[in-house]
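Colleague: I am new to this structure and would like a close look at one part of it, with enough of the surroundings to place that part in the whole chain.

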Amino acid sequence: KRDDDSSQSHRALDTTRRRGVRGDAMPPRPLPALWRAWYALPMPAPILPLIEAAARWAECGALIGLDLGTKTIGVAVSDPDRRLATGVETIQRKAFKADAARLLALAAERNATGFVLGLPINMDGSEGPRAQSTRAFARNLAGLTQLPIGLWDERLSTAAVERELIGMDVSRARRAEVIDEHAAIFILQGALDRLQTLRGER
C-alpha cells in the first residue's frame, strides 16, 4: 500500500509540475514565431481630425503635409515650431509600398512627429469617392507607422493654388509639375494657421 501511495504521489507531483503550479514547475512553452511577430508589431497610428490629432503630437517637431492625387503625392514639411510650410517634392505614385516607404523616409529624415493629410470633402460637406480613397490610403499608411495622421479639409486647395500659379505667370507645363507640391504646402499651411489660432485662444 505504501508503494502505491508513493507511486500516486510521484504521479501527482509530476502532473503538478507540468501544469506549472509549483515554483519549480517546467517553464511555459515559447510562443510560436508567428505569434511573437504579431505581438511585436506596433499598434496602427491613430487617424483623427486635425485638432484631435494635434493632441497626440509632441508639442514641437515637424509635420509632413500630403496632397494625395491619383498619379502623384505632393509633399510639404513644416519647421519644428510649426509656423511655416515649405515644399519638399512630388512623388510619382507607383505601388503603395513604394509610395509609403518614400513618405516614411522623408518623415524620418526630418524627425517628423506626424502627418497632415488633405481630405477632399465635397462642397456640401459630404464625402465622395476621392475622400474614401484618401481614408483608405490613411488606414494603410497607419499600419506602417506610429506617427498620428491628422485629416484636414482640403476643399478648393488645388483651385486656389492653380489661381496663384497663374497669377505668377507660371507656364501650364510647369504648373502641372509643381501643383501637387504647392497644394500640399497650401494644405499644411492652412493646418498650421489653424493650430496657431487655437494656441492663441487658450
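Colleague: What does Glu89 count as, buried, partly exposed or exposed, and at what relative accessibility?

Modeller: Before anything else, please keep in mind that this is a predicted model. Glu89 counts as partly exposed, at 21% relative accessibility; because buried means under 20%, a residue at 21% falls outside the buried class.

The salt-bridge partner of Glu89 comes next. The side chain of Glu89 meets that of Arg102 in a salt bridge, at 2.7 Å from N to O. This pair ties together distant parts of the chain, since Glu89 belongs to strand β4 (residues 85-92) and Arg102 to helix α4 (residues 96-109), with their positions 13 residues apart in sequence. Arg102 is itself partly exposed, its relative accessible area being 31%.

Arg102 has another partner in Glu109, where the closest N and O atoms are 3.9 Å apart. As a salt bridge requires the nitrogen to be within 4 Å of the carboxyl oxygen, the pair at 3.9 Å still counts as one. Glu109 is classed as exposed, at 51% relative accessibility, and because exposed means over 50%, that value places Glu109 in the exposed class. Taken together, Glu89, Arg102, Glu109 and Arg110 are linked in a network of salt bridges.

Just along the chain, in the loop between α4 and β5, is Asn111. Asn111 has a positive phi, near 50 degrees, although it is a residue other than glycine, and with a relative accessible area of 60% it is exposed. Arg82, in the loop between β3 (72-78) and β4, likewise has a positive phi, of about 60 degrees, without being a glycine. Arg82, however, is buried, with a relative accessible area of 3%.

From Arg82 one can step to Trp57, a residue in the loop between α3 (50-54) and β2. Apart from neighbours within four places in sequence, Trp57 is in contact with several residues, among them Arg82, Thr113, Gly114, Phe115 and Leu195. Trp57 counts as buried, at 6% relative accessibility. Its C-alpha atom is 9.6 Å from that of Ala112, although 55 residues separate the two in sequence.

Strand β5 (residues 114-119) contains Leu119, which is buried, with a relative accessible area of 4%. Residues up to four places away being left out, Leu119 touches Glu127, Ala131, Thr134, Arg135, Leu151, Trp152, Asp153 and Glu154. Two of these, Glu127 and Arg135, meet each other through their side chains in a salt bridge of 2.8 Å, N to O. Both are partly exposed, Glu127 at 32% relative accessibility and Arg135 with a relative accessible area of 30%.

For the wider setting, a search of the whole structure finds 5 salt bridges, yet a buried charged residue can be without one. Asp67, in strand β2 (residues 63-68), is buried and has no salt bridge, the nearest side chain of opposite charge being Arg130 at 5.4 Å. Leaving out neighbours within four places in sequence, the contacts of Asp67 include Thr72, Glu154, Asp180 and Ile187.

Arg130 brings us to the second largest pocket, whose lining includes Arg130 together with Thr72, Arg93, Thr134 and Asp180. This pocket has a volume of about 160 Å³, and the residues of its lining divide into 1 nonpolar, 5 polar and 4 charged. Helix α5 (residues 129-142) gives the most to that lining, with 3 residues.

Finally, the whole chain has 7 helices and 6 strands. Of its 202 residues, 37% count as buried, and among contacts between residues at least 6 apart in sequence, 64% join residues at least 24 apart.

Key. Residues are numbered from 1 along each chain as its sequence is written. This is a predicted model: local features need pLDDT of at least 70, side-chain atom pairs count only at pLDDT 80 or more; totals for chains, interfaces and linings use all residues. Side-chain values use heavy atoms; hydrogens and water are left out. Helices (H or I, at least four residues) and strands (E, at least two) are DSSP runs, numbered from the N terminus. Buried means under 20% relative accessible area, exposed over 50%, partly exposed in between (1.4 Å probe, protein chains only). Lys and Arg count as positive and Asp and Glu as negative; His and the chain ends are not counted. Contact means heavy atoms within 4.5 Å. On a 1 Å grid over the protein atoms alone, a cavity is a set of points where a 1.4 Å probe fits but cannot get out, and a pocket is an open set with protein on both sides within 12 Å along at least five of seven lines; lining residues have an atom within 4 Å of a point. Grid points are joined across faces, edges and corners, and a volume is the space filled by probe spheres set on the points. Ala, Val, Leu, Ile, Met, Phe, Trp, Tyr, Cys and Pro count as nonpolar, Asp, Glu, Lys and Arg as charged, and the others, Gly among them, as polar.
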